[in-house]
Amino acid sequence: MTSRQRSADSNSLSPRRRTVVKAAAATAVLAAPLAAAWPAGAVEAPAFLHGVASGDPLPDGILLWTRVTPTAEAVPGSGLGPDTEVGWVVARDKGFTNVVAKGSVTATAASDHTVKADVRGLAPATDYWFRFSAGGTDSPAARTRTAPAADAAVTNLRFGVVSCANWEAGYFSSYRHLAARGDLDAWLHLGDYIYEYGTGDYGTRGTVVRQHAPTHEILSLADYRIRHGRYKTDPDLQALHAVAPVVAIWDDHEFANDAWSGGAENHTEGAEGAWSARQAAAKQAYFEWMPVRPALAGTTYRRLRFGKLADLSLLDLRSFRSQQAAVGNGSVDDPDRTITGRAQLDWLKAGLKSSDTTWRLVGNSVMISPFAIGSLSADLLRPLAELLGLPKEGLALNTDQWDGYTDDRRELLAHLRSNAIRNTVFLTGDIHMAWANDVPVDAGTYPLSASAATEFVVTSVSSDNLDDILKVPEGTVTALAAPVIQVANRHVHWVDTDRHGYGVLDITADRAQMDYYVLSDKTKANATSSWARSYRTRTGTQKVERTYTPV
């Protein structure tokens, strides 16, 4: 999604954008952005300025992450600093009296002084504490948790669910409130963990709340490293990483807006270098800076299991997709166009069919439910097009979502129906709105046609939504747009177009329930959180229903 439109000629640049590109290309000397990435105040090195994190829990293991700053000049993206031995330790208690595993790894400039330890031999469904050390300095201590044993009869799972965190648009209070709960088995980040834009280039309700580093649009490996480093200095993000493991996938803004296998809306080949080089740089920085264990090199699609209660299939909907449909660029119904790629779709179908868990969760970066939006009035259609990064005239659907790749969706939903695969729940981000949807086999005849699955979509942590774009009071657009959207999309049980926040997914054998929480004001560092709505799907129904209390 973007707040900025490009002309139909993808090689054309506005005068302001040319200036940005020239400035980025001219920044061969990285002193200014690197200084901006360094936290205020003198810090003695070695130091752990970017927190610690864990991710991808297994029944017997966990992936640990940190970044060490070995010398004052060895800031993210600098390529400077000596090789540094970093020790790690895992214990059953916060005081580290009962140590169960320890080791060391070398941090080098080649990996931006980030390190990972893939620890195995742990007990399932168990809380652990971990920390790192270097040169006599200890990192903060953090809690993590392993997954249940594959054959365990699990009674309950609880996940935080977030997406779309634009640094410049506001503070990350959603992360702070999730961290304060203390009851999460893990948290899911469904994409747009970072944004690639330069300062002021992306929607912030007209105000840059806090400035990016670097200030220009990120293009190079150093740029992506600096941006990840800036994000990891956020205290609320550090707090959430320190209390529960993350399970993350990427969407487009970890690369560039509306990314596809061969390019992106927000990439001009040549003027901004080769897409292949930019994509490779973005992926390298992502895997350096995120506690993600790639199942296949260069992709985030993989599967985790949480006992007999649920498995979680995590998708990569950017690396393999065809270019978004547009005038002269193929039909949304073209069977030769794909959002998943053949291998990933086959992997997903096989995993859903062979699953023996009660629930089949799918971490899905863009909405799979059909969304017919042509019935909206012009005053709502234009800002919605701006939010989605689409032409403001003649908008019929969002071709960046599964709506733009209907053959893949048809094949997947037909597979669920023909194999009687129950209890599939898509967990989605991207669209900066909260939704609770049935996923119909045929949207045109719903509710007479069957629902093959359900979908819970979480709103943005801070990225602008419709009321921000229109600069109107919160709730104004939802009051106008939600009834129109629901009339045209009868499978949509609820949509909130205006608020920011997060979700908490609670799963038992009987139901999967999403509790939606909203923030008081994303521009305030001390924003409060309140429960907004809850929806659930009961086992065997493949339909969403409202429930009136959070778990």
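# Group meeting: a walk through the model

Okay, let's start inside. The buried residues of helix 3 (residues 173–181) pack against six elements: strand 9 (157–162), strand 10 (186–189), helix 5 (235–241), strand 19 (501–507), strand 20 (511–519) and strand 21 (529–538). Keep in mind that what you're looking at is a predicted model.

So which residues of helix 3 are buried? They are Ser173, Ser174, Tyr175, His177, Leu178 and Ala179. Right after helix 3 comes Gly182, and its phi is positive, near 75°.

Let's zoom out for a second. The protein has eleven helices and 22 strands. There are 551 residues, and 61% of them are buried. Now take the contacts between residues at least 6 apart in sequence: 72% of those join residues at least 24 apart. As for the outside, the accessible surface comes to about 18,800 Å², and carbon and sulfur atoms account for 54% of that.

Next up, strand 18 (492–496). Why do I call strand 18 largely enclosed by the rest of the structure? Because four of its five residues are buried. Strand 18 pairs with strand 16 (residues 434–440) in the antiparallel sense, over four bridges. If you want to find one of those spots on screen, look for Ala436, whose bridge partner in strand 18 is Trp494.

Strand 18 also takes us to some empty space. Rolling a probe the size of a water molecule over the atoms shows where empty space is left. In this structure there are two cavities of 30 Å³ or more, and the largest cavity has a volume of about 60 Å³. What lines the largest cavity? It has 13 lining residues, and those nearest its centre are Ala434, Thr459, Tyr516, Tyr517 and Val518. Strand 18, strand 19 and strand 20 each supply at least two residues of that lining. Sorted by class, the lining of the largest cavity has eight nonpolar, three polar and two charged residues.

Then there are the pockets, and I picked the second largest one. It holds about 330 Å³ of space. Twenty residues line the second largest pocket, with Pro370, Asp403, Thr406, Arg409 and Ala443 closest to its centre. Which element gives the most to that lining? Helix 9 (residues 406–418) does, with five residues. The lining of the second largest pocket splits into eleven nonpolar, four polar and five charged residues.

Now a quick tour of some loops. Arg92 sits in the loop between strand 3 (84–91) and strand 4 (99–107). Is Arg92 buried or partly exposed? Its relative accessibility is 43%, so Arg92 counts as partly exposed. Leaving out residues up to four places away in sequence, Arg92 touches Asn98, Val100, Thr126, Asp127, Tyr128 and Trp129. Arg92 and Arg143 are 51 residues apart in sequence, and their C-alpha atoms are 9.6 Å apart in space.

Ser322 is in the loop between strand 13 (310–314) and helix 7 (342–354). At 17% relative accessibility, Ser322 counts as buried, because the cut-off is under 20%. Beyond its neighbours within four places in sequence, Ser322 is in contact with Trp260, Asp336, Arg337, Thr338 and Tyr405.

Asp521 belongs to the loop between strand 20 and strand 21. With 27% relative accessibility, Asp521 counts as partly exposed.

Last stop: backbone oddities. Where are the cis peptide bonds I marked? One joins Ala213 and Pro214, with omega about -10°, and Pro214 lies in the loop between strand 10 and helix 4 (221–231). Another joins Tyr446 and Pro447, with omega about 10°; Pro447 is in the loop between strand 16 and strand 17 (451–457).

And you'll find positive phi outside glycine too. Asp112 has phi near 60°, lies in the loop between strand 4 and strand 5 (114–119), and counts as buried at 2% relative accessibility. His432 has a phi of about 60°, lies in the loop between strand 15 (424–428) and strand 16, and counts as buried at 1%.

Okay, that's my tour. Thanks!

How values were computed
Residues numbered from 1 in each chain as written. Predicted model: local features only at pLDDT ≥ 70, side-chain atom pairs only at ≥ 80, totals over all residues. Heavy atoms only, no water. Buried < 20%, exposed > 50% of the residue type's maximum accessible area, 1.4 Å probe, protein only. Contact = heavy atoms within 4.5 Å. Areas by Shrake-Rupley, 256 points an atom, 1.4 Å probe, with all protein chains shown as cover. 1 Å grid on protein atoms, 1.4 Å probe; cavity = no way out; pocket = protein on both sides within 12 Å on 5 of 7 lines; lining within 4 Å. Points joined across faces, edges and corners; volume = space filled by probe spheres on them. Nonpolar A, V, L, I, M, F, W, Y, C, P; charged D, E, K, R; others polar. Pairing = 2+ DSSP bridges.
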